[in-house]
Amino acid sequence: MAPGSNFAGGSTAEGGEIRCRLIGSPICPDSVICQILSFLSTHESVATSILSRRWRYLWSYVPNLLFHNENQGTIDRVLSLHKLQIINSFRIRKNDWENDQLDSLDAFAAFAVGRNVHKIDLYFYCEEPLPRCLLTCKTLVFLSLNCCGLVVASSVVCLPRLKILHLINLDYEADECIPNLISGCPVLEELTIKSDSDMDYCNVSSPTIKKLFLDFMNDGYYGGRTNRLEINIPSLEYLKIHDSFRENIKCGVLTSLTEANIILYRDDTKEDHYLYSRSLLEFLDNFCNVRCLELNLTYCTKIIDSVLSAWTTKFHNLTKLELTADCRFLPKFLENADNLEILIFSEPNEKMKNWKEPPQQVPACVLSHLRIVKLVWICGNDQELEIIKYLLRNAKVLEMMEITYSLYLDSDKIIDMLMNISRFQRGSAACEVAFFPA
């Protein structure tokens, strides 16, 4: 380095050259180089062995083993040469299932557990039962299993340090498998269950879980489903459910819940719309204490008017609502969420034909708390304009209304809509209205 030069100065090429010389010099200890290599995939880490004699075996002391689409032979050779006795992360992801499948779940688990692993992330197709050593690892704090293994009901589970568990598209021998897994995780804080196969009964009960993610819809398409879902987690703070709604969803006390993300699909097998409507609203009552609620009822269209009109549950703590639903739900939330500050709303059929203006007594949240409103996929029809006019006129502390309009509108209609909205009376002198294409 030239006298008076700055490490961060000079050209990009020069700076990179200086850093490379520094890493390769005796000044930089092997432990630091191994830490740097731990951010690379194992394939990239092993490739550095050709740099010099000093680098030849450094990769074998890297604390993270991260494989991506390597074949069985390559993984086996790397594991046989790896020297470090404590592994931080062990990850294998195999996207190409049809060619060169991996068949060593037992061997992989035994290697990682034998090295006192902290984090395991496995994603490859395998029908073997989950190994006993994997379910009794004393050092694991993170475990993610995707498509790799059968959960056996009689398995012994003892994971005393596990805090995060992801169960994605696994096969379960019986309904008792999930409760058995959870019961063996005494300090579990985060649980994800995603399934593309049917379950008769899914029971999630734990005194320690704070975050729960349940997805039975296979990335938005009908995949697995649960005939009965029961949640008993008194310490739960965050909940995400993506499921086909049915009457047999039960929740215990959720007084600690502060945020929920609920996406429900209609259960087409139910013909009693009155019972369906009542059960859906009773399910939503469970979220009366949350501060943030994202609720998507796009496919729940068979809600009986009389049942919805009688719905009076208060959401006293709710400050942010992202609602995608029949616009009959909008005035109900405005009436029952006195402290609402942020509203994001979209109507799935883009018509808002069911909009009914709230009573003449303007809801408390509109008068004194509502600061930000975002309306999505506006087309400029009369019902939409009435909603916008109502909110602009009555929201006394509104700071921003953001309107995103459909790209399918012709330019003349867009201009006409924007001109109409710009002339609406505003109850808040500080309110700004912004328009964006969706």
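Start by selecting threonine 324. This residue is buried, with a relative accessible area of 17%, and that counts as buried because the cut-off is under 20%. Keep in mind as you click around that you're looking at a predicted model.

Colour by secondary structure and you'll find threonine 324 in strand E15, which covers residues 320-324. Now show its side chain together with that of serine 346: a polar contact of 3.1 Å joins the two. Want the rest of the surroundings? Setting aside residues up to four places away in sequence, threonine 324 touches Leu295, Asn296, Leu297, Thr298, Ser346 and Pro348.

Next, go to phenylalanine 333. Ignoring neighbours within four places in sequence, its contacts are Leu293, Leu295, Trp311, Phe315, Leu318, Leu321 and Leu323. Leu295 should ring a bell, since threonine 324 touches it too. Phe333 also belongs to the largest nonpolar core, a set of 119 residues. To get a feel for that core, select the residues with the most contacts inside it: Phe90, Leu191, Ile193, Ile262, Phe329, Phe333 and Met401. Apart from it lies another core, of seven residues; Cys34, Leu37, Leu58 and Val62 are among them. As background, nonpolar side chains tend to be buried together in soluble globular proteins.

Now pick helix H5, residues 105-114. Which of its residues are buried? Show Leu105, Phe108, Ala109, Phe111, Ala112 and Val113 as sticks and you have them. A helix reminder for reading that pattern: an α-helix has 3.6 residues a turn, so residues three or four places apart point the same way.

To see what covers those buried residues, bring in strand E1 (64-68), helix H4 (72-81), strand E2 (89-93), strand E3 (119-129), helix H6 (132-135) and strand E4 (142-151), which are included in the cover. Then step just past H5 to asparagine 116, where phi is positive, at about 55°.

Cysteines are the next stop. Select cysteine 365, which is buried at a relative accessible area of 0%, then cysteine 379, which counts as buried at 14%. How many disulfides are there in the whole structure? A search turns up zero.

Finally, zoom out to the whole protein chain. Its secondary structure adds up to 13 helices and 19 strands, and 47% of its 438 residues count as buried. Among contacts with a separation of 6 or more, 58% come from residues 24 or more positions apart. Switch on the surface to finish: the chain exposes about 21,100 Å², with carbon and sulfur atoms supplying 52% of it.

Notes
Residues are numbered from 1 along each chain as its sequence is written. This is a predicted model: local features need pLDDT of at least 70, side-chain atom pairs count only at pLDDT 80 or more; totals for chains, interfaces and linings use all residues. Side-chain values use heavy atoms; hydrogens and water are left out. Helices (H or I, at least four residues) and strands (E, at least two) are DSSP runs, numbered from the N terminus. Buried means under 20% relative accessible area, exposed over 50%, partly exposed in between (1.4 Å probe, protein chains only). Contact means heavy atoms within 4.5 Å. Accessible areas come from the Shrake-Rupley method with a 1.4 Å probe; for residues, only the protein chains shown count as cover. A disulfide is a pair of cysteine sulfur atoms within 2.5 Å. A polar contact is a pair of N or O atoms within 3.5 Å; within protein, one must be able to donate a hydrogen and the other to accept it, and residues adjacent in sequence count only if both atoms are side-chain atoms. A nonpolar core is a set of buried Ala, Val, Leu, Ile, Met, Phe, Trp, Tyr and Cys residues joined through side-chain atoms within 4.5 Å.
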